[in-house]
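Work through the exercises below with the sequence and the coordinates open, and try each task before reading its solution.

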Amino acid sequence: MKNTFVVGTFLLIIAAFLGECLEFLINMVLARELGEKGLGLYMSILPTIVFLVVIASMELPISISKAVAEKEKAYHKSLLHHTIRFTTAFIVACLAAAFIVFPLIPVFDKYHPALPYLLLTLIPIIALSSIARGYFMGTQHMGKIAIANFLRRAVQLVLLIAVFKLFHFQADIAILLSLCTLIGTELVVFLYLFVLFLKELKQLKQKPSLPMKKASVLQTLLAVSLPTTGLRIFHAASFAVKPFLIKAALMNAGVVEEQATIQYGKLAGVAFTIGFFPAFIAHSLLIILIPTVSEAYAKKQVSSLSTLLNKIMAGTFLYAVPAVGIFYFFSNELTSLFFEKSPAAVYLQLLAPYFFFHFFVIPMQAFLIGLGLVKDAFLHSIWSTTVSFVLMYVLGSIPQLQMDGIIIGMNTGIVILTLMHYVTIRKRMEEPVGLRFQEIYNGKTF
C-alpha cells in the first residue's frame with residue numbers, strides 16, 4: 001500500500017502542477033482579453049457554476065472511492081451497476097429542477113440569456129464522469145485521474161486561445177464563450193474517463209462477482225455522499241455569496257459598484273490565482289488520502305494513520321513556508337503578470353496567512369472524511385465561515401479598511417477552521433493534540 005500511495009501521490013502532484021501552470025496562463029489570458037470589468041463578471045459567476053457542479057456530482061467521487069476501497073473486488077460490479085442506475089435517475093430529477101429554477105435566478109441577468117441553458121449540459125456530464133472518477137480513485141488508478149486533471153486545464157487553454165486569437169467579440173459574447181470553454185473541457189474529460197470506465201466494466205463482467213442489495217449500495221453511498229455534499233454545498237454556497245458580500249461591504253465603505261466589481265476581480269482572478277497555486281499538492285493528497293485513510297481505518301490501523309498524518313503535516317509545512325514567503329516578498333512581480341501596478345499585490349501579501357493554513361486544511365479534510373467525521377467537518381465550516389463572513393462585512397464596511405478588513409476576516413476564518421480540524425482528528429485517534437508537533441520537530445516522523 002505504501003508504494004501505491006507514493007506513486008499515486010507523485011503522479012497526481014506532477015499532473016496537478018502542470019494543471020496549475022496552465023490555470024495560471026488561463027487567468028492571464030482571461031485578464032487580458034476580458035479586461036478588468038469582464039474579469040470581474042467572469043469571476044463573479046464562477047462560484048455559481050461551481051455550486052451547480054457540486055450538486056450534479058453529489059460527491060460521488062468521494063463516496064464511490066470510499067466504498068470501492070472498503071469492499072472486495074467481487075462486489076464492485078454490482079456496486080457500480082446500482083450506482084449507474086441511481087445516478088441516471090438523479091440526472092433526470094436535476095434537469096427537471098434546473099428548468100424550473102434557472103429562470104428565477106437573478107444572478108444570470110447580467111449575462112447572455114443563453115448561459116443558463118448551456119449550463120444545463122453540465123449536469124449529465126459532471127454526474128456521469130463522477131462515477132468513473134470515483135471508481136478509479138477507489139482502485140488507486142491515479143494515473144487516469146492525473147491525466148483527466150491535466151486535460152481539464154490543457155483543453156480549456158487551447159479553446160480560449162483559439163477563440164480569442166481567431167475572433168473578436170463584444171463583451172457579453174466574450175464572457176459567454178469563455179464560460180463555454182469550461183463546458184467543452186468537462187465534456188472532453190468525461191469522454192476520456194467514461195471510455196476507460198466502460199473498459200473496466202467489461203473486464204469486471206468477465207470475473208466472478210457477488211451481488212449487493214440496492215438498498216445496501218444506496219445506504220453505503222448516501223452515508224458519505226449526503227453529508228459530504230452538504231459540506232460541499234455549504235462551501236459552494238458561501239463561495240457564491242462571497243463576491244456579493246465583498247462588493248456590498250465595499251459599497252458600504254464608499255466604493256462605487258463598478259469599482260467594487262473590479263476590486264473583487266483582482267482579488268479572485270489575480271491574488272487567489274497566485275496564492276492557491278501551490279494547493280495542487282494539497283488537492284493531490286486529498287484525492288489519494290480519502291481511499292487510503294478509509295481502508296486503513298476500516299482495518300483499525302490507527303497507528304499507521306497517525307504516522308501518515310504526521311508526515312502529511314510535516315510535508316505541508318515544508319512547502320507552505322517558502323510558498324507564502326515568495327508571495328509576500330515578490331507580490332509586485334507576480335501580480336504584474338496580470339495587471340501593471342495592481343492593488344492585488346497588497347491583497348496577496350495580506351492573504352499570506354490564509355493561503356498558509358489553507359494548504360493544511362485540505363489534507364485534514366481528507367482525514368475527516370476517511371475517519372467518518374464528515375459531520376464534524378461540516379460543523380467546523382459553518383462556524384468558521386460564519387465568523388469570517390461577519391468580520392468581512394463589518395470590517396470591510398469601514399472606509400479606512402475596505403479590502404484590508406475583508407482579508408482580515410478571511411484570515412481569521414481559516415485559522416479557526418484549521419484548529420478545529422486538527423483537534424477533532426487527534427481526538428478521534430485518541431492522541432494528545434500537541435504531542436505529534438513535538439515529534440515532527442524532533443525528526444521522529446521520517
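The exercises that follow treat helix packing, salt bridges, single residues and backbone angles in turn.

The model is predicted, so local features need pLDDT of at least 70 and side-chain atom pairs count only at pLDDT 80 or more, while totals for chains, interfaces and linings use all residues. Residues are numbered from 1 along each chain as its sequence is written, and side-chain values use heavy atoms, with hydrogens and water left out.

**Exercise 1. Describe how helix α2 packs against helix α8, and state how far α2 is enclosed.**

Step 1. Two packed helices are described by the angle between their axes and the distance between the axes. Helices here are DSSP runs of H or I with at least four residues, numbered from the N terminus; axes are lines fitted to C-alpha atoms, for helices over the stretch in contact, and angles run from 0 to 180 degrees between N-to-C directions.

Step 2. For α2 (residues 60-70) and α8 (residues 214-252), the angle is about 145° and the axes lie 8 Å apart. The crossing of α2 past α8 is right-handed, a term that applies if the near helix is turned clockwise from the far one by less than a right angle.

Step 3. With contact meaning heavy atoms within 4.5 Å, α2 contributes Leu60, Ile62, Ser63, Ile64, Lys66 and Ala67, and α8 contributes Thr220, Leu221, Val224, Ser225 and Thr228. Sorted by type, the residues of this contact are 6 nonpolar, 4 polar and 1 charged, where Ala, Val, Leu, Ile, Met, Phe, Trp, Tyr, Cys and Pro count as nonpolar, Asp, Glu, Lys and Arg as charged, and the others, Gly among them, as polar.

Step 4. Buried means under 20% relative accessible area, exposed over 50%, and partly exposed in between, with a 1.4 Å probe and protein chains only. Because 10 of the 11 residues of α2 are buried, the helix is largely enclosed by the rest of the structure; Pro61, Ser65 and Val68 are among the buried residues.

**Exercise 2. How many salt bridges does a search of the whole structure find, and which parts of the chain does each pair link?**

Step 1. A salt bridge requires a side-chain nitrogen of Lys or Arg within 4 Å of a carboxyl oxygen of Asp or Glu, and the search finds 2.

Step 2. One pair is Arg153 and Glu23, with an N to O distance of 3.1 Å. This pair links distant parts of the chain, since Arg153 is in helix α6 (residues 142-166) and Glu23 in helix α1 (residues 2-57), 130 residues apart. Arg153 is partly exposed at 22% relative accessibility.

Step 3. Another pair is Arg152 and Glu186, whose closest N and O atoms are 2.9 Å apart. Arg152 lies in α6 and Glu186 in helix α7 (residues 171-205), so this pair ties together parts that are 34 residues apart in sequence. Glu186 is buried, with a relative accessible area of 13%.

**Exercise 3. Is Ser129 buried or exposed, and which backbone oxygen does its side chain reach?**

Step 1. Ser129 belongs to helix α5 (residues 122-138) and counts as buried at 7% relative accessibility.

Step 2. The Ser129 side chain reaches the backbone oxygen of Ile126 at 3.1 Å. Leaving aside neighbours within four places in sequence, Ser129 is in contact with Phe190 and Leu193.

**Exercise 4. Place Leu118 and His82, and list their contacts beyond four places in sequence.**

Step 1. Leu118, in helix α4 (residues 115-120), is partly exposed at 29% relative accessibility. Leu118 is in contact with Leu176, Cys180 and Ile183; the C-alpha atoms of Leu118 and Cys180 are 7.7 Å apart, although the two are 62 residues apart in sequence.

Step 2. His82, in helix α3 (residues 76-101), is buried with a relative accessible area of 18%. The contacts of His82 are with Met212, Lys213, Lys214 and Val217.

**Exercise 5. Where do Glu59 and Gln402 lie, and what is the phi of each?**

Step 1. Most residues other than glycine have a negative phi, and most peptide bonds are trans.

Step 2. Glu59, in the loop between α1 and α2, has a positive phi of about 55° although it is not a glycine, and Glu59 is buried at 4% relative accessibility.

Step 3. Gln402, in the loop between α15 (374-396) and α16 (403-428), has a positive phi of about 50° and is not a glycine either. Gln402 is partly exposed, with a relative accessible area of 23%.

Notes. Helix = DSSP H or I, 4+ residues; strand = E, 2+ residues; numbered from the N terminus. Polar contact = N/O pair within 3.5 Å; in protein donor to acceptor, adjacent residues only side chain to side chain.
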